[in-house]
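Dear colleague,

I am passing on the structure below, together with some notes on what was found in it. Please read the notes with the coordinates open beside you.

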Amino acid sequence: MATITNFLAKPPPKLNPFNPYSSSYHLPNFPTKTPKVLRIFKTTPSSTPLLCFAKAAAAGSKPKKVESDERVQQVHSVAEFDEALKTAKNKLVVVEYAASHSYHSRKIYPHMVELSRTCGDVEFLLVMGDESESTKELCEREKIDKVPHFSFYKSMEKIHEEEGIGPDELVGDVLYYGDNHSAVVQLHCREDVEKLIGDHKVDQKLIVLDVGLKHCGPCVKVYPTVLKLSRQMTDTVVFARMNGDENESCMEFLKDMNVVEVPTFLFVKDGEICGRYVGSGKGELIGEILRYQGVRVT
């Protein structure tokens, strides 16, 4: 869990202290068969740090375009990169910085390709840091010195970044920062909360309000569970989400609700807050939801 007071005391560092998926995260075992999409990478594994971009790339070589990764746009220069962010407008843009010599880059890339197929409202970019002097310049501007590195942008503003993550964490990040169409109601101010509660006073649905912070690792970790439950329990439960650090109104709401750690789940029924759960345990969260629905859990 992350403590709000500590989080607000200073700006989030490059590697988030609340993120349980640090650069020392050990990737799970993958199938030994090389996926087709990995043809854009050289097969010689090397160290993770990007120490010498220009020398690592073969002169004039370009990665092959493959049929299965057509939604991942490879950018080759600062100008292309900036134009891609501008064109995306307020969509989430996920950028993977990779290198042809990086074993971890080759392993994580197919999972980004798979996400690109299923997340139509998210744009995916690939930057091969050792492709040319132009991509080296881009990585230096963005202060990328290790790969794979993922950066997340909205409206041309970087909102999150990760190093050394595995497939599950990548999926969680994309869902958390790019979810605009699910059954989870997105709340942006106190008035949104009050309207939601008012709308469900009559139908007696339980409201589960997921309160978190933008750069909170445990909040990201539990969010796929929230999404899944929102689809499974749509007839009886309303799921909503608020990031406390989105604006002053949200932060004031958290203070009024005495939320000091995130994620915190507030349970509302018949217009009243009837309980809360603090933590990111999937089983515990499901148990609490069932309890406040009146279901006996044994």
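Which residues of helix H3 (residues 78-88) are buried? Before the answer, a word on the source: this is a predicted model, in which local features need pLDDT of at least 70 and side-chain atom pairs count only at pLDDT 80 or more, while totals for chains, interfaces and linings use all residues. Residues are numbered from 1 along each chain as its sequence is written, and side-chain values use heavy atoms, leaving out hydrogens and water.

In H3 (helices being DSSP runs of H or I of at least four residues, strands runs of E of at least two, both numbered from the N terminus), the buried residues are Val78, Phe81, Ala84, Leu85 and Ala88, where buried means under 20% relative accessible area and exposed over 50%, with a 1.4 Å probe and protein chains only. Because they cover an arc of only 130° around the axis (taken from the directions from the helix axis to the C-beta atoms), they lie on the same side of H3. Ala79, Lys86 and Thr87, on the other side of H3, are exposed. The cover over the buried residues includes strands S2 (72-74), S3 (92-98), S4 (122-128) and S5 (149-154) as well as helix H5 (133-141), contact meaning heavy atoms within 4.5 Å. After H3 comes Lys89, with a positive phi near 55°.

Elsewhere, an open sheet of 5 strands runs in the order S7-S9-S8-S11-S12 with mixed pairing, two strands being paired if DSSP finds at least two bridges between them. Its edge strands, each pairing on one side only, are S7 (185-186) and S12 (272-278). Strands S8 (residues 206-212) and S9 (residues 237-243) pair in the parallel sense over 7 bridges.

Best regards
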